[in-house]
Amino acid sequence: MLVQYNKNKQLALELRSRGKSYLEISSILGVSKSTLSYWLHSVEMTNKQRLSLLEKQQRGRIKGAQKRRDWRITKEQLILTKAAKEISRISRRELWLLGTIAYWCEGSKQKANNISGRVIFANSDPFLIKLFVRWIKEACRVSENRLVYTLYIHETGNLEEDLNYWSQILRVNRGYFAKTILKKHNISTNRKYDNSLYFGLLRVTVRNSTDLNRQIRGWVDGINIFLN
């Protein structure tokens with residue numbers, strides 16, 4: 001036992017003198033770091049060896065961080081995939097309720113000074129726009145020819161690219177789009193924007209929809225009564 005102890009100690013000294021880290025020596029000899037610290041505390045290392053160890057430690061930290069990042073991404077994807085499967089399919093009634101709440105959050109409401117407001121929904125999120133359009137057609141039974149799409153983009157935007165994007169998202173001919181509204185590019189914030197993911201704000205207006213707007217408010221009142 002003592003012979004093996006001395007043999008391991010001598011080998012540890014040799015490995016340390018060659019610039020090996022405690023972790024490397026521990027994995028080779030199967031000796032704890034506390035024992036290595038006791039054996040090797042007096043071993044002097046050259047500047048070159050110290051620099052090499054620092055570089056190894058840095059590479060180890062980068063590798064560890066990447067491994068944790070990969071695991072986080074994998075875990076996140078597993079959660080997203082499992083959660084998406086829980087939705088399965090959406091019934092007509094569920095679509096009706098989803099659209100009603102979405103409209104009450106993002107759509108136009110009648111005001112005291114404008115009791116004849118039409119149904120108007122505006123957003124830059126394609127998910128919400130698609131939800132509204134499907135809801136207005138299927139749940140509210142509004143025909144396509146009553147819908148008017150108006151695109152709002154910054155004057156520095158790409159008109160053709162943005163129109164094509166929304167046309168493809170909604171699967172409608174560009175003939176349904178009204179004249180595009182250009183907004184002055186006057187961003188005074190320090191936040192960074194990814195222009196490659198921004199295609200402007202789309203407003204969907206429903207012609208002759210004052211009564212429908214009132215009906216939507218009634219649906220929301222019904223939901224509110226249920227919650228109370």
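## A tour of the sheet and its helices

Begin by selecting His154, which stands opposite Lys183 in strand S3; two strands count as paired if DSSP finds at least two bridges between them. Strands (E, at least two residues) and helices (H or I, at least four) are DSSP runs, numbered from the N terminus. What you are looking at is a predicted model, in which local features need pLDDT of at least 70 and side-chain atom pairs count only at pLDDT 80 or more, while totals for chains, interfaces and linings use all residues. Residues are numbered from 1 along each chain as its sequence is written, and side-chain values use heavy atoms, leaving out hydrogens and water.

**Stop 1: strand S2**

Now select residues 147-154, strand S2. Is this strand enclosed or open? Seven of its eight residues are buried, so S2 is largely enclosed by the rest of the structure. Buried here means under 20% relative accessible area, exposed means over 50%, and partly exposed lies in between (1.4 Å probe, protein chains only).

Add residues 181-183 to see strand S3, which pairs with S2 in the parallel sense over three bridges. Ile153 stands opposite Leu182 of S3. Then add residues 201-206, strand S4, whose pairing with S2 is antiparallel and runs over six bridges. Here Leu151 has Leu202 of S4 as its bridge partner.

**Stop 2: the whole sheet**

Zoom out, and you can follow an open sheet of four strands in the order S1-S4-S2-S3, with mixed pairing. Strand S1 (120-123) and S3 stand at the edges with a single partner strand each, so one side of each is left without a neighbour in the sheet. From one strand to the next, the twist averages 20°. Angles such as this run from 0 to 180 degrees between N-to-C directions, with axes taken as lines fitted to C-alpha atoms, for helices over the stretch in contact.

**Stop 3: helix H7**

Select residues 159-170 next: this is helix H7, which forms a right-handed β-α-β unit with S2 and S3. Right-handed means that, with the strands pointing away from the viewer, the path from the first strand over the helix to the second runs clockwise.

H7 has 12 residues and reaches 17 Å from its first C-alpha to its last, close to the 16 Å expected at 1.5 Å a residue; the expected span is 1.5 Å times one less than the number of residues.

Which residues of H7 are buried? They are Asp162, Leu163, Trp166, Ser167 and Leu170. These cover an arc of only 130° around the axis, which puts them on the same side of H7; the arc is that of the directions from the helix axis to the C-beta atoms. Their cover includes S1, helix H6 (126-138), S2 and S4.

Pause on Ser167, buried with a relative accessible area of 14%. Leaving aside neighbours within four places in sequence, Ser167 is in contact (heavy atoms within 4.5 Å) with Val172, Asn173, Arg174 and Phe177.

**Stop 4: helix H4 and two loops**

Select residues 47-87 for helix H4, whose 41 residues reach 60 Å from first C-alpha to last, close to the 60 Å expected. Ser88 follows H4 and sits in the loop between H4 and helix H5 (92-106). Most residues other than glycine have a negative phi. Ser88, however, has a positive phi near 60°, and is exposed, with a relative accessible area of 69%.

Finish at Arg141, in the loop between H6 and S2. Its phi is also positive, near 55°, and Arg141 is exposed, with a relative accessible area of 66%.
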